[in-house]
Amino acid sequence: MSKTHPAARWHYLAALLPAGLFALLAVGLRRTADHHTFLWAVDWIPSLGVGLALRLDGLSMLFGLVITGVGAIVTLYSGAYLGGHPHGGRYQVLLQGFMLAMVGLVLADDLILLFVFWELTTFTSFLLIGFEHEKAAARESARQALLVTGAGGLAMLAGFVLIGMVGGTHAMGPLLASGDLLRESPYYPAILILVLVGAFTKSAQVPFHFWLPNAMTAPTPISAFLHSATMVKAGIYLLTRLHPVLSGTSAWTLSLTLFGAATALTGSILALGQKDMKRVLAYTTLMGLGILTLFLGGTQTATLMAALTFSLVHALYKSALFLVVGILDHETGSRRLDAVRG
């Protein structure tokens with residue numbers, strides 16, 4: 001990497017935010033490991049029964065630590081990678097805004113609040129993918145990601161509205177205990193389809209997979225953070241969070257098994273013919289996301305533990321690989337396998 005630019009200090013200072021949140025979450029790690037749940041709530045829109053409610057349990061702890069931990073590392077890395085960039089300040093505002101939206105998403109204890117944070121991640125990711133907006137490819141990729149994931153988010157919202165109608169609440173706690181009520185409802189097929197559309201578009205499952213490789217036009221730190229460790233895992237988080245509510249039916253198992261297997265197979269095959277190292281990592285990320293979806297189609301404890309373990313492992317190794325590719329690209333001026341080998 002090149003020598004530290006004076007402007008890089010702002011990147012290093014910005015890293016205090018994700019690092020501080022990581023430390024704050026880690027304080028409660030032992031208690032969540034003992035199945036304790038931290039809850040905090042205030043009225044937000046009482047007339048609609050929507051609360052500003054946060055839940056910190058084992059699942060949100062896992063994703064929260066990944067988001068803030070990888071976020072701190074990527075922010076520090078950005079100091080050297082983009083330290084002299086004229087729009088470094090804008091970059092950090094967007095990056096930290098996205099990180100906060102992801103933290104809010106995994107902590108949300110209300111489905112409507114989860115949707116608000118979900119759309120905030122969509123909007124900030126649009127701006128991050130199109131960060132180098134002077135390039136036509138960056139603008140096109142950002143628009144494509146916004147349209148696909150934004151449309152999926154609206155479908156998911158419709159599913160959340162139906163869940164609220166059937167379950168009588170949008171609060172996560174009561175809903176997680178009313179799985180039988182939802183599964184026996186005549187609205188269950190519609191709920192399942194709408195929620196899966198939201199999850200599948202965000203996690204780039206077939207046939208919505210095309211936006212993820214195209215998003216590799218973004219600077220490499222953004223790819224490492226959004227497209228390996230966090231944003232694409234939002235769909236996986238949603239499927240995991242709603243697993244007690246929506247799983248246990250043949251429709252759930254068949255849908256996640258088929259789409260997960262198709263995505264894993266598609267990603268692994270398409271990765272073989274790529275010369276751009278970031279696109280190789282993008283397609284192998286599709287493979288990993290497909291495997292995670294495949295795992296979540298099951299109801300056995302072992303398959304769910306495998307999904308959570310692989311989600312953590314994948315975030316760590318894939319974000320690290322993206323950062324390595326960024327170093328190679330930064331120093332050699334190319335990330336093509338046929339140009340840098342040897």
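Buried residues make up 53% of the 342 residues in this protein chain. Keep in mind that the model is predicted.

On overall dimensions, the radius of gyration is 20 Å. A compact globule with 342 residues would come out near 20 Å, so the chain agrees with that expectation. Along the principal axes, the C-alpha atoms fill a box of roughly 60 × 40 × 35 Å.

As for secondary structure, the chain has 18 helices and two strands. Among contacts with a separation of 6 or more, 77% are between residues 24 or more positions apart.

Now the surface. The accessible area is about 14,300 Å², and carbon and sulfur atoms hold 70% of that. On charges, there are 20 positive and 15 negative, and the mean positions of the two sets are 9 Å apart.

Next, one helix in detail: H12, which covers residues 220-229. How many of the ten residues of H12 are buried? Ten of the ten are, so the helix is largely enclosed by the rest of the structure. The buried residues of H12 include Thr220, Pro221, Phe225 and His227.

Ser223 sits in this helix. Its relative accessible area is 0%, and because the cut-off for buried is under 20%, Ser223 counts as buried. What does the side chain of Ser223 make a polar contact with? The partner is the side chain of Lys278, at 3.0 Å. Lys278 also appears in the wider contact list of Ser223, which leaves aside neighbours within four places in sequence. The other entries there are Ala215, Met216, Ala218, Ser228 and Phe322. Of these, Ser228 is itself one of the buried residues of H12.

The second residue I picked is Phe63. Phe63 is placed in helix H4, residues 58-81. Is Phe63 buried or exposed? Phe63 has a relative accessible area of 7%, and the limit for buried is under 20%, so Phe63 is buried.

Which residues does Phe63 touch, not counting those up to four places away in sequence? They are Val106, Lys233, Tyr237, Leu308 and Ser311. For a C-alpha distance, take Thr230: Phe63 and Thr230 are 167 residues apart along the chain, and their C-alpha atoms are separated by 8.2 Å.

To recap the two sites: Ser223 is buried at 0% relative accessible area, in a helix with ten of its ten residues buried. Phe63 is buried at 7%, and its contacts include Lys233 and Tyr237. That is what I have on this model.

Technical notes:
Residues numbered from 1 in each chain as written. Predicted model: local features only at pLDDT ≥ 70, side-chain atom pairs only at ≥ 80, totals over all residues. Heavy atoms only, no water. Helix = DSSP H or I, 4+ residues; strand = E, 2+ residues; numbered from the N terminus. Rg over C-alpha atoms; globule rule 2.2 N^0.38 Å. Buried < 20%, exposed > 50% of the residue type's maximum accessible area, 1.4 Å probe, protein only. Contact = heavy atoms within 4.5 Å. Areas by Shrake-Rupley, 256 points an atom, 1.4 Å probe, with all protein chains shown as cover. Lys, Arg positive; Asp, Glu negative; His and termini not counted. Charge placed at Lys NZ, Arg CZ, Asp CG, Glu CD. Polar contact = N/O pair within 3.5 Å; in protein donor to acceptor, adjacent residues only side chain to side chain.
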